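This report goes through the strand pairings, the backbone geometry and the domain contacts of one protein chain, and it is meant to be read beside the coordinates.

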Amino acid sequence: MEKQQLARWWKKENDGIRCHLCPWECFIKENEAGICKVRKNISNNLYSLVYGKPVAMNIDPIEKKPLYHFLPGTSSFSIGTFGCNMQCKFCQNWDISQRDMENLEFKIDYYSPTEIIDLVIKNNCRSIAFTYNEPTIFGEYVIDIAKLAKKNNIATIMVTNGYILPEARSEIYKYIDAANVDIKGFTEKFYKSFTGGSLKNVLDTIVYLKSKNIHIEVTTLLINGKNDDENDLRKEFSWINNKLGSDIPLHLSAFHPDYKMKDQKITTLPSMQNSYRIAKESGLKFVYLGNVIGVDNNTYCSNCGKVIINRSGYSTKIKQINKCKCGEKIPIIF
Ligand code: SF4
């Protein structure tokens, strides 16, 4: 049954509430919501306005998250709500991420965690992905669904900006198997000017996930002249290699004009290929290009070069499992 859901991770403070879910640590007065627009102070208690209120639910190829090295070729039941704790000027899902819950002209149907898991099972999905908007801001719903998923042998995935505080992070990711984390740029200046978040918190989250053996893939949306400076890219790719290892899949995705950057040109294929080259020179073994057509996104054995997974768009043909014919271990969870 639908009920107003008390939020977690907050404390009363003077004449309001301090939310401790993400690094904004919003101070929220009565009848106001935090920066994410979905956590509201009602009678001096903090409530989640999006618990049980998914506004996007789809059965997606897991490759669309994107995750290429986790359960390849399977379907992932994908859900998202309104709200986000960043305000990226280039957001490609801004119609849901930046939506104000208070002024909706329609009602959102309530789905309990049990109803969501029933749908995952009914649709033969091996995983559930919390995606489309930033799942951190509906962390309470993530936890309740993910706990049930674990009981039903369903894998759990966060597609996230990584902007979260340590206490909430450890409580949410206790139930998570895999994550695709955005590194939106490799300077604090870029994060400050274009996202409202901070690079340091994101990198801390990625290192934390690695320490918990959660499967990680990283995505960077490349925007010409904004976050694709060669020196910055080299720093980012070296950081990934040093902190996470050369087996971590990196997805370089092309920007398309959107939200507050409609005048910015689409990222060109030659510049994507140049960034790909830099990533490979930095020692990363598995680099993929997204939002572009006509590129080779197969997975090859890093030892002998044989095809391990053949990809065409979101269609996937698995050629080898666990070990290549040459004996090289394949770092993919099948
Ligand atoms: S989760 Fe929302 S309300 Fe809480 S600190 Fe972050 S932006 Fe503010």
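## The hairpin of β2 and β3

In this predicted model, the hairpin formed by β2 and β3 has two residues between its strands, and N14 takes a positive phi near 45° there. N14 is a residue other than glycine with a positive phi, and its place is in the loop that links β2 to β3. Most residues other than glycine have a negative phi.

The two strands that flank this turn, β2 with residues 10–13 and β3 with residues 16–19, pair in the antiparallel sense over four bridges. Within this pairing, E13 of the hairpin stands opposite G16 in β3.

## Strands β1, β5 and β6

A second hairpin is made by β5 and β6, again with two residues between the strands, and S43 in its turn has a positive phi of about 50°. Strand β5, which covers residues 39–42, is antiparallel to β6 and is joined to it by four bridges, and N41 stands opposite L46 in β6.

Strand β6, residues 45–48, also pairs with β1, in the antiparallel sense and over two bridges. In that pairing, Y47 in β6 is the bridge partner of L6.

Just ahead of these strands in the sequence is Q4, whose place is in the segment before β1, a strand of residues 5–6. When neighbours within four places in sequence are left aside, the residues in contact with Q4 are I42, Y47 and L49. Q4 is also 8.0 Å from Y51, C-alpha to C-alpha, although 47 residues separate the two in sequence.

## A cis peptide bond before P66

Which residues are joined by a cis peptide bond? The bond in question joins K65 and P66, and its omega is about -5°. P66 lies in the loop between β7, which spans residues 56–61, and β8, which spans residues 75–80. Most peptide bonds, by contrast, are trans.

## The sheet of β15, β16 and β17

Towards the end of the numbered strands described here, an open sheet of three strands follows the order β15-β16-β17, with antiparallel pairing. Its edge strands are β15, residues 299–300, and β17, and each of these pairs on one side only.

Strand β16, residues 307–312, and strand β17, residues 315–318, run antiparallel and are joined by four bridges. Two of the residue pairings can be named: T316 in β17 is the bridge partner of R311, and N310 stands opposite K317 in β17. The hairpin of β16 and β17 has two residues between the strands, and in it G313 takes a positive phi near 60°.

## Domains and the interface of domains 2 and 3

The protein is divided into domain 1 (5–48), domain 2 (56–297) and domain 3 (300–334). The centres of domain 2 and domain 3, taken over C-alpha atoms, are separated by 23 Å, and across their boundary 17 residues of domain 2 are in contact with eleven residues of domain 3.

How much area do domain 2 and domain 3 bury between them? The buried area is about 1300 Å², and 61% of it is on carbon and sulfur atoms. On the domain 2 side, E63, H69 and P72 supply 32% of the area buried against domain 3, which is more than any other three residues supply.

In terms of specific interactions, the rule finds zero salt bridges across the interface of domain 2 and domain 3, whereas it finds six residue pairs in polar contact, with both residues at pLDDT 80 or more. By class, the side of domain 2 that touches domain 3 has seven nonpolar, four polar and six charged residues. Charged residues are thus present on that side of domain 2, while the count of salt bridges across the interface is zero.

Note on methods. Residues numbered from 1 in each chain as written. Predicted model: local features only at pLDDT ≥ 70, side-chain atom pairs only at ≥ 80, totals over all residues. Heavy atoms only, no water. Pairing = 2+ DSSP bridges. Domains from an automatic or database assignment. Contact = heavy atoms within 4.5 Å. Buried area = accessible area lost by both parts, 1.4 Å probe. Salt bridge = Lys/Arg side-chain N within 4 Å of Asp/Glu carboxyl O. Polar contact = N/O pair within 3.5 Å; in protein donor to acceptor, adjacent residues only side chain to side chain. Nonpolar A, V, L, I, M, F, W, Y, C, P; charged D, E, K, R; others polar.
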